[in-house]
Amino acid sequence: VSIRSWAAPVATTAAVILLAGCSSSSTSSSPTTQPSINFGSQASVTPGMPGMSGMPSASGNAPAASGSSTTAPATPVGPNAVSIDNFKFAPQSLTVPVGTTVTWTNNDEEPHTIAARDGSFHSPALDTHQTFSYTFQAPGSYDYICSIHPFMTATVVVTK
Amino acid sequence: MTSDRDPSSMTRRQLIRHSAWFGSAVVLTVVGGEVISHIAGSTPKTSQATRPTLRFAQISDSHIGFSGGANPNVADTFTEAINQVNSLGYTPDFVMHTGDLTHLATPAQFDQVKQMLTGLRTPHIFTVPGEHDTGDDAGQKYRQVFGAGTRGDGWYSFDIAGVHVIALVNTVHLPKLGQLGKEQLEWIEKDVAGVSNDTPIIVFSHIPMFAMYPDWGWGTEDAAQALSYLKRFSSVTCLNGHVHQLFTKTEGNVTFYTATTTAYPLPHPGDGPAPKPVTLPAGQLHDALGIREVSYVKGQQALALKEQKLQ
């Protein structure tokens with residue numbers, strides 16, 4: 001039977017994976033109760049949270065996520081705009097005079113942020129077609145990244 | 001189920017393909033339609049007549065709030081995954097969500113995913129954050145909801161059934177790849193100081209603790225430092241999310257298993273310009289999503305993983 005290493009795990013109903021040296025004989029004591037967890041400190045607050053116990057399976061009737069108000073009707077055009085497509089800022093380097101408001105638009109299905117390396121500005125996560133604007137008040141070169149995908153880098157150069 | 005489980009039954013082509021990625025000796029064989037992966041030279045045992053010492057489930061990358069074409073209703077598929085965990089036929093000792101709980105880290109999305117998680121039938125639900133949960137505020141909102149009892153950026157450890165479990169945060173500091181940072185590394189070293197060499201170690205993180213594809217940020221910059229503290233242990237298993245696909249790699253005493261997602265697939269490493277959501281042909285989405293069962297039997301130094309497609 002031939003399989004492809006990538007496709008195989010998802011192409012079968014159940015992929016059983018065993019690891020590490022299994023040669024030692026197993027002691028076949030079979031606990032019937034669930035093991036307790038030791039968090040190793042006497043702290044009264046512990047990580048995690050309890051799930052439902054002994055209840056029939058539940059379907060999470062969760063509220064719908066609320067939308068954000070920063071959705072833009074269309075991709076901004078013009079000299080003060082940066083678009084995000086395919087995990088790239090375009091233009092890679094934008095030069096504007098001081099006092100300019102720059103607007104970024106995310107055209108990807110993935111969210112992105114605009115985060116200055118020096119911490120001077122940081123957007124929330126922009127969903128598809130959402131925008132973020134920032135007004136540059138001081139001259140300089142501002143390197144920024146997407147803090148979700150930090151391999152995405154670009155620069156705004158602010159002139160006097 | 002009669003075909004042999006000898007790792008050498010893998011075809012040469014598979015092995016070459018496999019080794020090109022792994023550079024190691026995790027081997028896949030097909031047994032009665034199931035794909036079985038184990039370390040070359042070991043003898044897998046699949047029969048488990050008795051209750052394992054420890055059994056838990058892993059779910060990952062639910063991306064609550066995503067509404068793109070790759071999966072217009074991630075809440076539905078996450079609910080299905082939760083129901084599937086609740087239908088395993090036993091109560092898992094705990095369930096771990098390995099991050100990207102939310103898509104945009106909004107308070108509403110955190111609230112929604114927390115409510116959904118509490119529908120899991122298990123005594124303990126644990127989480128580690130993904131970069132979608134921490135990207136815009138270094139994880140403050142995440143920790144408000146899920147950070148109780150954790151340290152630093154949200155890391156913690158616990159012991160259960162003779163296994164030491166370490167839950168790491170490698171999404172808060174992202175210079176380019178994932179990063180644990182000095183404080184967390186020091187904590188890891190201290191955390192395992194009193195743990196005996198034969199204690200199985202399980203490490204949970206969102207981003208892989210190995211370099212799966214650094215160009216897309218699929219790796220952790222200082223993972224080697226963390227793993228150096230775990231060298232003396234006979235069995236270390238790293239379980240992560242982030243890449244939305246199954247993948248396995250072994251390095252020395254450490255075996256890495258990336259998990260699939262409950263939301264939408266991502267491309268294979270380097271396939272296309274960016275790690276953007278993949279929209280599959282109609283009817284194929286569930287095959288790319290799933291949950292993972294993990295069990296451990298005392299005295300075996302072995303963890304058994306079973307991947308289930310979303311049904």
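# A tour starting at a hairpin in chain B

Select strands β6 and β7 of chain B: β6(B) pairs with β7(B), residues 163-167, in the antiparallel sense over 5 bridges. This is a predicted model. Stay on this pair for a moment. Find B:Tyr156 at one end of the selection; B:Ala167 of β7(B) stands opposite. Now go to the turn. The hairpin has 2 residues between its strands, and B:Ala161 takes a positive phi near 55° there.

**Stop 1: around β6(B)**

Keep β6(B), residues 156-160, selected and show the rest of the model. Is this strand enclosed or open? Of its 5 residues, 4 are buried, so β6(B) is largely enclosed by the rest of the structure.

Next, add chain A. Strand β2 of chain A, residues 37-38, joins β6(B) through 2 bridges. These two strands run antiparallel. Select A:Ile37 to see one of the pairings: its bridge partner in β6(B) is B:Ile160. So β6(B) has bridges to β7(B) and also to β2 of chain A.

**Stop 2: helix α3 of chain B**

Select residues 107-117 of chain B. This is helix α3(B). Colour B:Gln109, B:Phe110, B:Gln112, B:Val113, B:Met116 and B:Leu117, which are buried. Now look down the helix axis. The buried residues fall within an arc of 165°, so they line one face of α3(B).

What do these buried residues pack against? Two strands to show are β3 (54-59) and β4 (95-97), both of chain B. Add β5 (125-127) of chain B as well. The helices in contact are α2 (74-86), α4 (131-134) and α5 (140-146) of chain B.

**Stop 3: the nonpolar cores**

Keep B:Leu117 and add B:Leu230. In the largest nonpolar core, which has 62 residues, these two touch the most other members. Helix α2(B) gives the most to this core, with 6 residues. In soluble globular proteins, nonpolar side chains tend to be buried together.

Centre the view on B:Leu230. Which residues does B:Leu230 contact, leaving aside neighbours within four places in sequence? They are B:Ile166, B:Val192, B:Ile201, B:Val203, B:Val236 and B:Asn253.

Then move to chain A. A second, separate core has 26 residues. Among them are A:Phe121, A:Phe136, A:Phe151 and A:Val156.

**Stop 4: salt bridges**

How many salt bridges does a search of the whole structure find? There are 7 over all chains. Three in chain B are worth selecting.

Start with B:Lys141. B:Asp136 forms a salt bridge with B:Lys141, and their closest N and O atoms are 3.1 Å apart. B:Asp137 does so too, with B:Lys141 and a closest N and O distance of 3.4 Å. B:Asp136, B:Asp137 and B:Lys141 are thus linked in a network of salt bridges. Are the two acids buried or exposed? B:Asp136 is buried, at a relative accessible area of 18%. B:Asp137 is buried as well, at 14%.

Now jump to B:Lys309, which forms a salt bridge with B:Asp287. Their closest N and O atoms are 3.3 Å apart. This pair links distant parts of the chain, 22 residues apart. B:Lys309 sits in strand β13(B), residues 303-309, and B:Asp287 in helix α8(B), residues 285-288. B:Lys309 is buried, with a relative accessible area of 16%. B:Asp287 counts as partly exposed, at 34% relative accessibility.

**Stop 5: each chain in full**

Show chain A alone. Chain A has 1 helix and 10 strands. Along the sequence the helix comes ahead of the strands, in the pattern α-β-β-β-β-β-β-β-β-β-β. Of its 160 residues, 42% count as buried.

Switch to chain B. Here there are 8 helices and 13 strands. Of the 311 residues of chain B, 64% count as buried. Among chain B contacts between residues at least 6 apart in sequence, 70% join residues at least 24 apart. The corresponding value for chain A is 50%.

**Last stop: confidence**

Colour by pLDDT. Chain B has a mean of 87, and 84% of its residues reach 70 or more. Select residues 1-36 of chain B: the pLDDT is below 50 there, though the stretch has 81 contacts beyond near neighbours in sequence. Residues 38-48 of chain B also stay under 50, with 34 contacts beyond four places in sequence. Where pLDDT is low, the predicted coordinates should not be read in detail. For the complex, the predictor gives an ipTM of 0.76 and a pTM of 0.80.

Methods. Residues numbered from 1 in each chain as written. Chains lettered and ligands numbered in written order. Predicted model: local features only at pLDDT ≥ 70, side-chain atom pairs only at ≥ 80, totals over all residues. Heavy atoms only, no water. Buried < 20%, exposed > 50% of the residue type's maximum accessible area, 1.4 Å probe, protein only. Arc of directions from axis to C-beta. Contact = heavy atoms within 4.5 Å. Pairing = 2+ DSSP bridges. Salt bridge = Lys/Arg side-chain N within 4 Å of Asp/Glu carboxyl O. Core = buried A, V, L, I, M, F, W, Y, C linked by side-chain atoms within 4.5 Å. pLDDT = per-residue confidence, 0-100.
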